[in-house]
Amino acid sequence: MSKLKNTFLTLGLALLSSAQASPASDLFGRVSELFQKEYYGWSETDRSALTDKYAAELQTRCAPEGEACSFDTGRAVLKDMFDTFHDDHTSVRDAESAQRLLEVQNDMSVPRTGLRVIKQPEGLLVVGVQPGSPAEEAGVNLYDLIQSVNGAAAGKDKPVDSLAFVRLERASTPMTLSVQRPKSVLKLLSVTPKMMKARDEPSLSFPKAGVALINFPTFLSGDSAPLFLAKIKEAQQAGARELVIDLRYNGGGRLDQCVAAASIFKPVVYQARFRGGGWSYGGLGGEQAPALSARIDHQSHVWNGPAAILIGENTASCAEVFTFFAQKSGVKAVGSSTKGVGNSGVNFYPLPDQGIFSLTMLRAYDEDGQPLPDHITPDISAPTDLRALTESGDDTTLDAALRVLSDETAAAAAADTK
């Protein structure tokens with residue numbers, strides 16, 4: 001660190017120490033310390049100067065409250081700081097988010113409806129329905145639009161956003177959902193949460209004969225790759241000749257899992273570099289493998305036929321890594337550009353408010369030592385038209401992928417006849 005950066009860091013810490021000790025200053029101090037010492041991403045922003053600026057901001061905001069300045073205030077200042085840092089992998093999450101992450105990583109069971117929802121201005125869009133769940137039994141369908149829950153408006157900037165929906169699930173009481181689906185009148189469905197695994201599993205469907213569609217929701221759990229591989233084999237046993245993998249709402253997860261899963265197409269080697277060293281992950285035949293084995297074996301693959309991956313702005317982190325290696329195998333990415341954090345990885349650190357600090361601490365490279373791209377550009381541009389999806393049931397991204405696969409299958413058949 002340069003002499004100037006040391007000066008900034010010293011000043012920032014002095015500002016914190018000169019302020020009255022408070023929950024907010026404790027939180028800011030812990031995060032700032034880790035941010036200075038452990039960050040190893042691609043941002044070139046001067047971290048010391050940034051910390052100094054927001055330490056002063058914290059002091060100003062906390063002045064009226066003194067020692068009572070809350071964790072919420074500290075978290076708000078940190079959010080502002082990381083919004084200007086421009087590394088979406090580095091952020092502070094509250095205790096509720098930390099608890100949900102812990103539940104998934106530890107394969108815990110919690111009260112759930114079995115729904116995955118994302119907030120939209122018009123409501124909560126259903127992007128996943130777990131098989132055998134209360135939601136499926138109640139008749140909730142993929143891409144239904146939930147407009148209210150227990151009479152309260154649902155959606156972005158509404159009383160029931162996606163976080164509030166999870167809180168209502170955890171209450172384990174019946175939930176009345178007002179559901180709008182394509183070409184249908186508004187429906188009222190009653191769903192009562194039950195104890196289920198906190199993590200979501202891949203699901204398999206067949207949008208047309210011979211085509212398997214796997215909705216792959218997350219890489220967070222330690223069995224993500226085995227669950228995915230099981231669905232691939234199930235699709236093969238059912239006679240699927242073409243494959244679509246939907247990662248539009250997959251926010252990432254564990255590197256060992258996405259690397260293993262991506263190796264259904266061909267062996268994968270992912271290199272991670274961090275302060276003072278690095279390591280490599282290997283994937284072979286859809287499973288974890290030593291990186292050396294993956295380097296040597298260039299023939300193993302599980303899926304041989306045409307394949308496409310659906311991506312969008314909610315595709316992030318490990319899902320971007322999966323897509324990158326699939327593209328290198330010749331798989332087409334269809335949709336719109338991804339979030340843009342696929343070239344780095346994070347560690348999670350516990351915080352005084354029971355939340356967590358997600359901190360970028362590694363940079364990503366491929367087998368040849370080339371940096372991974374920060375985001376994935378689709379081979380076929382076909383953004384998901386949410387209005388068409390929710391009003392008429394037309395999935396513009398999936399339809400484009402099906403056309404791509406049909407063209408590839410026709411081209412392969414024509415080549416075989418020559």
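Trainee: What makes the space in this structure a cavity, and how many of 30 Å³ or more are there?
Mentor: There is 1, with a volume of about 40 Å³. On a 1 Å grid over the protein atoms alone, a cavity is a set of points where a 1.4 Å probe fits but cannot get out. The volume is the space filled by probe spheres set on the points, which are joined across faces, edges and corners. Keep in mind that this is a predicted model, where local features need pLDDT of at least 70, side-chain atom pairs count only at pLDDT 80 or more, and totals for chains, interfaces and linings use all residues. Residues are numbered from 1 along each chain as its sequence is written, and side-chain values use heavy atoms, without hydrogens and water.

Trainee: Why is the contact of Arg100 with Glu96 called a salt bridge?
Mentor: A salt bridge needs a side-chain nitrogen of Lys or Arg within 4 Å of a carboxyl oxygen of Asp or Glu. The closest N and O atoms of Arg100 and Glu96 are 3.8 Å apart, so the pair qualifies under that 4 Å limit.

Trainee: Why does Arg100 count as buried or exposed?
Mentor: Buried means under 20% relative accessible area, exposed over 50%, partly exposed in between (1.4 Å probe, protein chains only). Arg100 has 17%, so Arg100 is buried; Glu96, at 25%, is partly exposed.

Trainee: What makes Lys231 and Glu234 a salt bridge?
Mentor: Their N to O distance is 3.6 Å, so they pass too. Glu234 is partly exposed at 39%.

How values were computed. On a 1 Å grid over the protein atoms alone, a cavity is a set of points where a 1.4 Å probe fits but cannot get out, and a pocket is an open set with protein on both sides within 12 Å along at least five of seven lines; lining residues have an atom within 4 Å of a point.
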